[in-house]
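Here is a short briefing on one protein model. Keep the sequence and the 3D view open while reading.

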Amino acid sequence: MKSVLSSHYLGIEGGGTRSTLVLADADGKAIAELQGGPANLKLLSDRQLLWLLKSFAARLPRVPINAIAIGLAGARTDAAKDPIRRAA
């Protein structure tokens with residue numbers, strides 16, 4: 001049996017039609033896979049992005065997360081990545 005304090009990793013990929021979140025354990029086994037609406041930064045306001053990320057967070061199991069990777073369409077420049085940093 002694994003410890004509750006084991007490592008977990010979170011990945012979010014967002015595009016123009018949908019977004020996908022995967023939460024994996026230290027062995028790479030997915031323990032949660034979620035789908036959400038579009039996550040293209042050119043189409044979302046900061047508030048909509050925050051709502052999307054909060055809706056994901058509300059559906060996740062409460063486990064310690066060691067690392068998070070977020071890749072969203074439209075996030076090519078540092079300025080475009082600022083809304084992600086603010087929302088995350």
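**Briefing: loops, helices and the main pocket**

Leaving out residues up to four places away in sequence, Asn40 touches Gly15, Gly16, Ala73 and Gly74. The model is predicted. The points below cover the loop that holds Asn40, the two helices H1 and H2, the largest pocket, and some contacts made by other loop residues.

**The loop between S3 and H1**

- Asn40 sits in the loop that runs between strand S3 (30-36) and helix H1 (46-58).
- Asn40 counts as buried because its relative accessibility is 16%, and the cut-off for buried is under 20%.
- Ser45 belongs to the loop between S3 and H1 as well.
- Ser45 has 34% relative accessibility, so Ser45 counts as partly exposed.
- Ser45 and Pro83 are 38 residues apart in sequence, yet their C-alpha atoms are 8.7 Å apart in space.

**Helix H1**

- H1 has 13 residues, which at 1.5 Å a residue should span 18 Å. The C-alpha atoms at its ends are 18 Å apart, so the model agrees with that expectation.
- Which residues of H1 are buried? They are Leu49, Leu52, Leu53, Ser55 and Phe56.
- These buried residues cover an arc of only 155° around the axis, and therefore lie on the same side of H1.
- The general rule is that an α-helix has 3.6 residues a turn, so residues three or four places apart point the same way.
- The other side of H1 carries the exposed residues Arg47, Trp51, Lys54 and Ala58.
- What do the buried residues of H1 pack against? Their partners are strand S1 (8-14), strand S2 (19-25), S3, strand S4 (67-72) and helix H2 (78-87).

**Helix H2**

- Ala80, Pro83, Ile84 and Ala87 are the buried residues of H2.
- Seen down the axis of H2, these buried residues fall within an arc of 95°, so they line one face of the helix.
- Exposed residues Asp78, Ala79, Arg85 and Arg86 are on the face of H2 turned away from its buried side.
- The buried residues of H2 pack against H1 and S4.
- Pro83 thus appears twice here: as a buried residue of H2, and as the partner of Ser45 in the 8.7 Å C-alpha distance.

**The largest pocket**

- The largest pocket holds about 210 Å³ of space.
- How many residues line the largest pocket? The lining has 13 residues, and Leu10, Ile12, Leu53, Ala57 and Ala88 lie nearest the centre.
- S1, H1 and S4 each give at least two residues to the lining of the largest pocket.
- H1 supplies the largest share of that lining, with four residues.
- Twelve residues of the lining are nonpolar, none is polar and one is charged.
- Leu53 links two topics: Leu53 is a buried residue of H1, and Leu53 is among the residues nearest the centre of the largest pocket.

**The loop between S2 and S3**

- Ala26 lies in the loop between S2 and S3.
- Ala26 is in contact with Ser7 and Tyr9, leaving aside neighbours within four places in sequence.
- Ala26 and Tyr9 are 17 residues apart in sequence, and their C-alpha atoms are 7.3 Å apart.
- Asp27 is also in the loop between S2 and S3.
- Is Asp27 buried or exposed? Asp27 counts as exposed because its relative accessibility is 62%, and the cut-off for exposed is over 50%.
- Between Asp27 and Tyr9, 18 residues apart along the chain, the C-alpha separation is 10.0 Å.

**The segment before S1**

- Ser6 is in the segment before S1.
- Ser6 touches Pro64 and Asn66, not counting residues up to four places away in sequence.
- Ser6 and Ile65 are 59 residues apart in sequence, with their C-alpha atoms 8.9 Å apart in space.

How values were computed:
Residues are numbered from 1 along each chain as its sequence is written. This is a predicted model: local features need pLDDT of at least 70, side-chain atom pairs count only at pLDDT 80 or more; totals for chains, interfaces and linings use all residues. Side-chain values use heavy atoms; hydrogens and water are left out. Buried means under 20% relative accessible area, exposed over 50%, partly exposed in between (1.4 Å probe, protein chains only). Contact means heavy atoms within 4.5 Å. The expected span of a helix is 1.5 Å times one less than its number of residues. The arc is that of the directions from the helix axis to the C-beta atoms. On a 1 Å grid over the protein atoms alone, a cavity is a set of points where a 1.4 Å probe fits but cannot get out, and a pocket is an open set with protein on both sides within 12 Å along at least five of seven lines; lining residues have an atom within 4 Å of a point. Grid points are joined across faces, edges and corners, and a volume is the space filled by probe spheres set on the points. Ala, Val, Leu, Ile, Met, Phe, Trp, Tyr, Cys and Pro count as nonpolar, Asp, Glu, Lys and Arg as charged, and the others, Gly among them, as polar.
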